[in-house]
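Hi,

Here is the model I promised to pass on. Have a look at it first, and then read my notes below.

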Protein chains: 4
Amino acid sequence: MTPNPTRRREASRRAVLTAAFDLVQEVGYAKLTIEGIAARAGVGKQTIYRWWPSKGVVLFDAFLMLSESGDGGPVVLPDTGDLRADLILVLRATVEELNDPRYDQPMRALATEITHDAELAAAYREHLDEPMREAKRERLRSAQRAGQLAPGLDLDIAVDLIWGPVLNRWLQRTGPLTADYAERVVTAALDGLRPRS
Amino acid sequence: MTPNPTRRREASRRAVLTAAFDLVQEVGYAKLTIEGIAARAGVGKQTIYRWWPSKGVVLFDAFLMLSESGDGGPVVLPDTGDLRADLILVLRATVEELNDPRYDQPMRALATEITHDAELAAAYREHLDEPMREAKRERLRSAQRAGQLAPGLDLDIAVDLIWGPVLNRWLQRTGPLTADYAERVVTAALDGLRPRS
Amino acid sequence: MTPNPTRRREASRRAVLTAAFDLVQEVGYAKLTIEGIAARAGVGKQTIYRWWPSKGVVLFDAFLMLSESGDGGPVVLPDTGDLRADLILVLRATVEELNDPRYDQPMRALATEITHDAELAAAYREHLDEPMREAKRERLRSAQRAGQLAPGLDLDIAVDLIWGPVLNRWLQRTGPLTADYAERVVTAALDGLRPRS
Amino acid sequence: MTPNPTRRREASRRAVLTAAFDLVQEVGYAKLTIEGIAARAGVGKQTIYRWWPSKGVVLFDAFLMLSESGDGGPVVLPDTGDLRADLILVLRATVEELNDPRYDQPMRALATEITHDAELAAAYREHLDEPMREAKRERLRSAQRAGQLAPGLDLDIAVDLIWGPVLNRWLQRTGPLTADYAERVVTAALDGLRPRS
DNA sequence: TGTTAATCGAGACGGTACGTCAGGTCTTGCT
DNA sequence: AGCAAGACCTGACGTACCGTCTCGATTAACA
């Protein structure tokens, strides 16, 4: 029933994931088909159905492969001591990536799948989101130790407050996603909406 | 070529939109089909293709029909003078709606369409998001006048700071979407992450 | 459920049947596919599945179309008064047709389907075999009236005795199917195996 | 390239042939697959592809195995001196076997393969048909010697005249295949169609 | 009697065709 | 003219088998 993973051909696996990532970028998620992936990868359809339960999971694995092609060590955000500057730097990079046509389509596709598939969302959280989120939390924790953040602050809320607006603007297209917008969000999040003294 | 709108049968239009909204809720967005909508609505497929360019637009129109079934006047958020309490109240209602199984699937479907279709996103902004956003801005403007918000504050950024995290958590399923979470977000947004004095 | 025959497109029907007949002749029955027929006919697969339950029935209908393209009147075998000569003439024509590469493959295919599908066999008997068999019986009946055949003879048995060996040799390839063979069969059938007087 | 027959595992060979024969009887020829045979026989697919060139040959070998499980001596038809009675006896047994559900499907399958594969047909003639045909010829030769058959008679034609109609009726389903039919065929073949003085 | 090479079971692989579903277009007859 | 109905061509779905190809694990002839 469940196929034997030791017999799996690694070359086919990589070909499928690469083809999926490339195709979604070329034709968009709506026109991404299993047949298309198989053809591009030079692989039989059954090889995809044997190892992946759905199109979304293929795409997810493609992202996973990309992320694992890094050094493998934990992600670390820059820490110059200047929290605001560091956050703006990171968020600007995020904005740039989200605006990069090479990543825009694939990431929207993944986001869509997560929206509709709770199981996939859990895998995403565990393998892709959580490592990055831990890095974000760590940077904020460092600032907290330095007295730059409120002592009792819930760091997960803080992460959401900074990154949530940016991701939401990107996904929902509520407005142009610019570096300037990122900076304003950081400022507002750090200072709060209420007047200071 | 372009059909004559005066000949359009209103009953068919309503039947299609109702069927689309009901179906997406029952079978999910992935399995929502034009044929299914037509069959449920007791309508020929051509009637759908004649009046709507795509499945997403049908769904969007369905939301539009629902929103217009209100009184038609501008939306107004509660204003008791206590900004924090008012925001928490509104956000809790939002959370409840997002968690309501009757609206969850349809709204995720709409969000997905917006993610992938810039034109539809523009229509969404104009007809559904902007009226609501204006109400939010208005409530904040009132608070600003009362000195409860920083004078130079960009109200659009403020709206994003409050609603962005909630919407993002819902769409991306980064964690449970609870009333408590909403309250924490409001508090953090108002106070900011940096320590106060 | 059952499609409405009045809406059926006659052009598609003819294209499918022609394509099926041509293809089976070119690639053989084993490699005859619904997809191939559809492609050759310039027709969607669904159009075939809508109107025909199986590959075999398509082929049968193709034969039916060919047979109906004749004058429509009942078949008549030659009757010169010389029974033996007439039978040899007809049987030689049959042998020639069975050896004709244009008909060999398609007819073997039909025979195979009949072998495995009782329902199809019944349709074959009624629409293709029976008209021809009636003509054969009629020729024998004429001979019987002329005193050239035994008075109590079962004409169906007689038909089988003459045509059965030929068809069997063709289908089972028990030996070369020649005009000479046909003549010997006719002679043996007319005279019988036992010595005369 | 060509596998070494001395290494061949006899148990696997028998398992494959038995499985093939049983399966064709259970699921019919159309649904008989190499994978199915291999699974039923508890054998790898390659073992089948190594030793047999095609599905038809497997089936043919299965029949060969069955026929060789007899005593191995030449087949002999009963010879009581009464040719007509002996032929009717033998033909009735044939009819019974052809009507036996245990042999019907497998034999139709083999017949089909022979119809479409000339090479297999040659093997069939040599190993299965010819021994039986020789026995038939021998019985007729004996009758000929006894003056019960015409002296110059071609015995192969005679065999075809007697068995051809029966086999044809079975394969082509031109009518019910009964003992009575067999008897009528024998009578007609012996006496001939023409009136006897 | 241990060595070694072919056969074996298992099953992944690149393919082809299956029979079904839905997309979007077109035609027919009714309102 | 708009409409319900639905046939049509197209293309993708997910499945079943094809025939080829590895993989250890026997297993039988030879050293």
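Which residues come nearest to DNA strand F? Keep in mind that this is a predicted model. Of the 40 residues around that strand, the nearest are Arg7(B), Arg9(B), Gly44(B), Arg9(C) and Gly44(C). Several helices each bring at least two residues to the surface near strand F: helix H2 (34-41) and H3 of chain A, H3 of chain B, H3 of chain C, and helix H2 (34-41) and H3 of chain D. Sorted by class, that surface holds 15 charged, 17 polar and eight nonpolar residues.

Now the other strand. DNA strand E has 38 residues around it, and Gly44(A), Thr33(C), Pro3(D), Arg7(D) and Gly44(D) come nearest. Here the helices that each supply at least two residues include helix H2 (34-41) and helix H3 (45-51) of chain B, along with helix H2 (34-41) and helix H3 (45-51) of chain C. Helix H3 (45-51) of chain A and helix H3 (45-51) of chain D do so as well. The surface near strand E has 14 charged, 16 polar and eight nonpolar residues.

On annotation, an unreviewed UniProt entry puts "domain: HTH tetR-type" at residues 10-70 of chain A. In the model that stretch is 77% helix and 0% strand, with its end C-alpha atoms 18 Å apart.

Next, the contact between chains A and B. In it, 44 residues of chain B are in contact with 43 residues of chain A. On the chain B side, helix H6 (101-116), helix H7 (118-145), helix H8 (155-172) and helix H9 (179-191) each supply at least two residues. H8(B) gives the most, with eleven residues. By class, the chain B side divides into 21 nonpolar, twelve polar and eleven charged residues.

H9(B) deserves a closer look. Its buried residues are Tyr181(B), Ala182(B), Val185(B), Val186(B), Ala188(B) and Ala189(B). They pack against helix H8 (155-172) of chain A, and against helix H5 (83-99) and H8 of chain B. With 13 residues at 1.5 Å each, H9(B) should span 18 Å, and its end C-alpha atoms are indeed 18 Å apart. Right after H9(B) comes Gly192(B), with a positive phi near 85 degrees.

Finally, the cores. The largest nonpolar core has 104 residues, of which Ala20(A) and Ala20(B) touch the most other members. Leaving out residues up to four places away in sequence, Ala20(B) touches Ile37(B), Val58(B), Leu59(B) and Ala62(B). Another core, of 103 residues, lies apart from it and includes Ile48(C), Ala182(C), Ile114(D) and Ala158(D).

Cheers

Key:
Residues are numbered from 1 along each chain as its sequence is written. Chains are lettered from A and ligands numbered from 1 in the order in which they are written. This is a predicted model: local features need pLDDT of at least 70, side-chain atom pairs count only at pLDDT 80 or more; totals for chains, interfaces and linings use all residues. A residue is near a molecule or strand if its C-beta atom, placed from the backbone, lies within 6 Å of it. Helices (H or I, at least four residues) and strands (E, at least two) are DSSP runs, numbered from the N terminus. Ala, Val, Leu, Ile, Met, Phe, Trp, Tyr, Cys and Pro count as nonpolar, Asp, Glu, Lys and Arg as charged, and the others, Gly among them, as polar. UniProt positions are given in the numbering used here, feature names are shortened, and annotations may be inferred rather than shown by experiment. A nonpolar core is a set of buried Ala, Val, Leu, Ile, Met, Phe, Trp, Tyr and Cys residues joined through C-beta atoms within 7 Å. A residue is buried if 20 or more other C-beta atoms lie within 10 Å of its own, exposed if 12 or fewer, and partly exposed in between; C-beta atoms are placed from the backbone. Two residues are in contact if their C-beta atoms, placed from the backbone, lie within 7 Å. The expected span of a helix is 1.5 Å times one less than its number of residues.
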